[in-house]
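Student: Hi, could you go through this one with me? I'd like to ask things as I look.
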Amino acid sequence: MAGVGLLNFGFEFLEIFAFIVLATVGLAVIFGMMGIINLAHGEFILVGAYATTFAFAAGLPLPLAMLTGVVLTAVFGLVLERLIIRHLYGRLLDSMVVTWGISLVMIQLVRIAFGNAAPGIGIPFGELPVVDGPAYYLVLGVLAVGVLGGLYALFMWTDFGVRARATMQDAETARSMGIDTDRMYMSTFAIGSALAGFTGALYAPVMTITPQYGTGFLVEAFVAVVVGGSSVIVGTLLASGFLGSVNAVFTNVTESTFIGLVAMLLAAIVTIRLMPDGITGFLETVRQRWGENR
Amino acid sequence: MQSGSDGPTLAVLEDRSQDFALTGTPKYRTSMLAIEEINRDGGILGEEVDIFAPDPQSDNMLYQDLTRHAIYREDVDAIWAGYSSATREAIRPIINEHELLYFYTTQYEGGVCDKTVFPMGATARQQLGAVVPYMIEEYGGEIYTIAADYNFGQLSGDWVQIIAEEHGGEVVDEEYIPLSESQFGSTINRIQSADPDFVMSMLVGQTHSAFYEQRLASGLTDIPIGTSTNMAQEYEHLRIDPPALEDVYAGVNYMQELPTDRNEAFVERYYNRWDDAEYINQEAQNNYFSIYLYKEAVERAGTFETDAVIAELESGIEVEAPEGDITLDPETHHMEHNMHVAHSDETHEITFEDAGTIGPAFLEEVGCDLTSEAEQTQYEPGAYYEGI
Amino acid sequence: MSHGTSDELQARVTGLLGGPNVMGNSPAFWAGLAVAVALLAALPVLFGYYAAEIGSVFLAYALLAMSLAFIWGYCGILSFGQVAFFGIGGYAFGIVAINVSTMGGLTLGLVTALVVSTLFAAMLGYFMFYGGVRDVYVTILTLVVALVLHTFMGQTAGGEWAVGDARLGGFNGMNGVPDLGIGVGLIGYEFGIAAHYYVTLGAVVATYLGLRVLLNSRFGYAIVATREDETRTEMFGYDTTFIKFAVFTIGGAIAGLSGVLFTTQNNYIDPSVFGITAAALPVVWASVGGRTSLLGTVGAALAIQFLDYRLAISGSEWALVVIGSLLVFVVLVIPEGIAPGLHDLVVSRRSRSTSAESPGSDGGANAEEVSD
């Protein structure tokens, strides 16, 4: 009995963990690396979901439909970057207002173009034994970790990653070293958009799709980005793990989703207060101090 | 002054953007349909009806300003406004101050007893009174309640408990879920371990409808679900792929699928007028018949003057609604609805079980009589029933 | 009286109200401002109760906007949670005024609301600034606070969530909040529609003048210095943490006052004031109007809300598309906001051609925005 209870709890944690990671990762790349607060993040996710659901309704198999969602969101992000976002680099707070405007426009445009609801996609893979939950959540969990791993590899180990990081840290110097910084910004934004599109695609079967779909991701995403701190990938992982556990534990112990949600938000407030630079900023300080003391 | 201020003007404030657009748009459309039909047939008292129909964008602050605009600038004779109870409460102080005739058409928690307000939708007690006894009869008495964590959800949960006890059932557990929640894993786990005879769902909104997809993928479809909120409002059975809503039973006064000649003709007129429309939900039908109800009352009164119209509305007036012939209860200003239990099968085909005419019993019990006392109150069951 | 004294007085007043920290120091500006205020004051006379009721709501927004322009534009603190103090002020007034149903209750309600929202801002400010929370983290943290309040207040529907006779009311909101008034015990004066409008207008004007005095004081210089370079200001011996704390608290008090004015106008408040849409509005107003201009932000709040309102009345499905596009356009084309943009334009034109007949600076622009 206790074993099953523990499995159930683990499964609930996995569900919320995967949700936070995937909700956050696109935003984290764009915010952490480029200093753009993208309040239209939810609507990037919306583009991915709509593209997926309409591609699926048109007869594409689900994986291909999801790929369509990712590609279209990346293209969409690219166009937006060229037209609007590139004027906002270094203007953190202005970027917030502009993307808020974009979000208003997009929700309403989607409504005008596609109506108030989009066709549904059932959750694939059926049911898991023992925990009686969707097997698809295992896939989401694996993909969440996989995405973080892939990003880590991309930014730490590839030539592109080195150049991208150099650009984000000091564009001036990077340019003098011969890096096409404009292109680096463009591709990083496209990657962030593609990730948002991926989230939209993956959650298209789990959540019903309406023009308000993207707003359901926003709170978790912002909280996790800030709690995570400056280091995008490790930060997202740690913040999602931490916030996900708080949510899962409180929901389970009190048997109330409300308390789980409020506990998660309060935990975020306290974390920011204790670690003003987020978890990774705090770890960095600890590491430096430890280095000095040795 | 404003254009056409000499003729009658009706205000229709229904959301066509933001959160409530999904449910507000059909309400707007059936209202337009009714008014256009009336104008084609010679208007009300021979006068063409003007329409003031802004888009309040699901924003309560905007609702308040637009209600003032309707009163001061458009000089409207009556108003149809709002989906959520919060919206109704947001504009009710203004409505009361100006004693404006207000038709609120959403199915709601019940209890509003207000001289100029006519809640046309079925109350929680009317809807749950149809579906809960039916479910206990069919499946047994152990109930697990899940509901949205706000006024409507909490009061509906109370009503489930009251009605269950009246019919020999029992609520084994209840859970209230924040409106922003989209991940239902832990809730589904708890339902599975409680293993009730059926679940009562008063989940609300497009975020919550994710519950049904997750229910299917968690193998929870073997536990039937009774509901007062799903299908008839946000047409989940058409938006979500089958069989996620298999064995969902809704207590309703109307759904688009109702197989009567009168309703089928109404549905045809609606889709002829709005060819890209998605659904006619319960409240959209309520808007439609209540505009005709208003016309009837005005014509009996022979004037648009509010007091005279209210007097006629309080005279036991009847209307030929798409759901059937229904009567307005004079004392409580609510409708005595023809209730049905609508069942969705594994292909999301809807069939109906007649649940008879159910009146606004609760307000009668608490002694709301607007024909003799002009109150402006909202009653709640907590004060009148033990143990909730 | 001699001519000299009135000149002296004028100089003292200008010295108090004017200075390099605020825009608009010319006689033309003050004349423009006077005209704008006179026009606003004339609205109820010209358009009746309708204008007074809608105007009161918009002016309450304007006051909220000013609270953000003050802390963001002048001290560099971007709070995404000004609506938290706005809502707390409204709820606090409602709780007290519903329970103490005398004229004195209305005064007590106003005082309590101001005290509670100020204290809440002070607590939050202390928590953040003395804990080293900075920049964008302040922004997100304040937003999360507003969202926690939104979630919490939304589920307070049950009868157990009441303070005395005042039901918090959950999602459906708190009903039956009385009108604003002043009095002691049973004697006093409850503001009617027109009086409420003038009280709100008076609050906006008084807050504006008060903030100008504050910003041109020694403390004001320290505030702006903190925005420009915190480390350097600290090295000059200023306690920048305290400065940020104080500014944030004052901003919270102003937002609380605007919440009271808003709630008493509608006799109602609900948790949607804490929601993310409401929370974004002040930020939008300040960005468009120009956060370093108090009047610009006020003008933007009035203009945007008015436009939003007119578009809603039109019933067009394109309303939000228009509003959103406009935001994007303004911020891209005039990065510092409309009022500072206009100010620069006027100043540069003046310095080029020294003709003095240019119309007032942002006061004139503002009058134009308001009277449309």
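Student: Which residue in E4(B) does Ala78(B) stand opposite?
Tutor: Ala78(B) stands opposite Leu101(B). Strands here are DSSP runs of E, at least two residues, and helices are runs of H or I, at least four, numbered from the N terminus. One thing to keep in mind is that this is a predicted model, where local features need pLDDT of at least 70, side-chain atom pairs count only at pLDDT 80 or more, and totals for chains, interfaces and linings use all residues. Residues are numbered from 1 along each chain as its sequence is written, and chains are lettered from A and ligands numbered from 1 in the order in which they are written.

Student: Do tell me, in what sense do E3 and E4 of chain B pair, and over how many bridges?
Tutor: Strand E3 (78–81) and strand E4 (101–104) of chain B are parallel partners over three bridges; two strands pair if DSSP finds at least two bridges between them.

Student: And what order do the strands of that open sheet take?
Tutor: Five strands of chain B run in the order E2-E1-E3-E4-E6, with parallel pairing. At the edges are E2 (50–52) and E6 (117–119) of chain B, each pairing on one side only. From one strand to the next, the twist averages 20°, with axes fitted as lines to C-alpha atoms and angles running from 0 to 180 degrees between N-to-C directions.

Student: Switching to Gly46(B): why does it count as exposed?
Tutor: Gly46(B) counts as exposed because it has 8 C-beta neighbours inside 10 Å. The cut-offs are 12 or fewer other C-beta atoms within 10 Å for exposed, 20 or more for buried, and partly exposed in between, with C-beta atoms placed from the backbone. Gly46(B) sits in the loop between helix H1 (21–40) and E2 of chain B.

Student: How far is Gly46(B) from Glu299(B) in space?
Tutor: Their C-alpha atoms are 9.5 Å apart, although 253 residues separate them in sequence.

Student: OK, helix H6 of chain B. Which residues are buried there?
Tutor: In H6(B), residues 185–194, the buried ones include Gly185(B), Ser186(B), Thr187(B) and Ile188(B). Just after H6(B), Asp195(B) has a positive phi of about 45°.

Student: Last topic: how many residues of chain C are in contact with chain A?
Tutor: 33 residues of chain C contact 32 residues of chain A, where contact puts the C-beta atoms, placed from the backbone, within 7 Å. On the chain C side, H5(C) gives the largest share, 10 residues.

Conventions: Contact = placed C-beta atoms within 7 Å.
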